[in-house]
Amino acid sequence: MNLSRIRDTNRNLTASATPARRWESDPTAEYSDLEEQLGGALERGELSLYYQPQFQLPGVQLAGSEALLRWNHPQRGMIPPAQFIPVAEHCGLIVPIGIWVLREACRQNYLWQQAGYDPIRVAVNVSAQQFAQVDFLNTVEMALEGCGLDPRYLELELSETMLIQSAEMSLQRLMNLKALGVRLSMDDFGTGVLSLEEIVRLPVDTVKIDVAVVRGLNKAPGTLRLVKAMLALGHSLGMDVIAEGVETDEQLEQLRLLGCDKAQGFLFSAAVSADDSEAYHTPAAGSPVDEEPR
């Protein structure tokens, strides 16, 4: 798939997207109301996953997709994740919601494969509360086994901040997940939370250059050298490096010249529904397997 086709697809999908709505009433009352309604949102079918494609560089080939949670409120429309995710974390709902996200992302990826598309990895963001659960490894195993997805097609994204909070627990848990066969990604790379010594110890497969760093390309002096150093570090440790938040042709060209492995961002596509994201997928050779997920 070439870049011009991706942009045409992106324009069509963006034009049909439901806009988020702003709140204008008392923030405290809104927060309480939001917490109350979020409790039953999952059961009412108001939560869904959108998928933002990730592309291999220097060409533009679909390499994966990041699953992102959305809440389509029956009265308020699409509520931005930045507004309801902190609420879910505060009241503890992020754990059961996170379990559903894992299961749904695995199920959807399995369905894409059974529909005859080339296999890709789907990345799922993991919250600190969910990662700290003693049965988190079992939760991941159950999500994979529940639909029959091969573990290598699941990638778990964890932030630098989360990994530093309990270094020894994080290391052991990451090793167990690696043994299961899933891929591990470190989000927000470049925020400076982890030391080089800690990064070297982590069994991480992919690092994601933070959007704030990407936006500094061709703007902030020294950012180009910083990204070059980050790429050199990641590659020397055998990690893939993906840049998130790519929004301009200039940023994309700089990343290509520096040897960045993958990229995602509004230049390619916003997050879209599972059905719409199929526009980016490539049919695999041979006939699709006619089999329902378990």
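Which residue of β8 does Thr206 stand opposite? I looked this up and found that Thr206 stands opposite Asp240 in β8.

**Entry 1: ground rules.** I am working with a predicted model, in which local features need pLDDT of at least 70 and side-chain atom pairs count only at pLDDT 80 or more, while totals for chains, interfaces and linings use all residues. Residues are numbered from 1 along each chain as its sequence is written, and side-chain values use heavy atoms, with hydrogens and water left out.

**Entry 2: the chain.** I noted 13 helices and 10 strands for the chain. Helices (H or I, at least four residues) and strands (E, at least two) are DSSP runs, numbered from the N terminus. Of the 294 residues in the chain, 47% are buried. Buried means under 20% relative accessible area, exposed means over 50%, and partly exposed lies in between (1.4 Å probe, protein chains only). I also looked at contacts, meaning heavy atoms within 4.5 Å. Among contacts between residues at least 6 apart in sequence, 70% join residues at least 24 apart.

**Entry 3: strand β7.** I returned to β7, residues 206–209. Strands pair if DSSP finds at least two bridges between them. β6 (residues 183–189) runs parallel to β7 and is joined to it by three bridges; Met186 has Val207 as its bridge partner in β7. Strand β8 (residues 240–243) also runs parallel to β7, with four bridges between them. In a regular strand the side chains alternate between the two faces of the sheet. In β7, Thr206 and Lys208 point one way and Val207 and Ile209 the other way, and all are buried.

**Entry 4: cavities.** Rolling a probe the size of a water molecule over the atoms shows where empty space is left. I counted as a cavity a set of points, on a 1 Å grid over the protein atoms alone, where a 1.4 Å probe fits but cannot get out; lining residues have an atom within 4 Å of a point. Grid points are joined across faces, edges and corners, and a volume is the space filled by probe spheres set on the points. The structure holds three cavities of 30 Å³ or more, and the largest has a volume of about 90 Å³. Its lining includes Gln54, Arg121, Glu155, Thr206 and Lys262. Two elements, β2 (61–73) and β4 (121–125), give two or more residues to this lining. The largest share, three residues, comes from β4. By class, I found four nonpolar, three polar and three charged residues in the lining. Here Ala, Val, Leu, Ile, Met, Phe, Trp, Tyr, Cys and Pro count as nonpolar, Asp, Glu, Lys and Arg as charged, and the others, Gly among them, as polar.

**Entry 5: two single residues.** Is Ser65 buried or exposed? Ser65 is in strand β2 and counts as buried because its relative accessibility is 4%. Leaving out residues up to four places away in sequence, Ser65 touches eight residues, including Tyr51, Pro53, Ile120 and Ala123. Val134 is in the loop between α5 (128–132) and α6 (136–147), and Val134 is exposed because its relative accessible area is 80%. Its C-alpha atom is 9.5 Å from that of Arg173, 39 residues apart along the chain.

**Entry 6: cysteines.** I found zero disulfides, a disulfide being a pair of cysteine sulfur atoms within 2.5 Å. Cys106 is in no disulfide, and the nearest cysteine sulfur, that of Cys147, is 5.2 Å away. Cys106 is buried at 1% relative accessibility, whereas Cys91 is partly exposed at 30%.

Technical notes: On a 1 Å grid over the protein atoms alone, a cavity is a set of points where a 1.4 Å probe fits but cannot get out, and a pocket is an open set with protein on both sides within 12 Å along at least five of seven lines; lining residues have an atom within 4 Å of a point.
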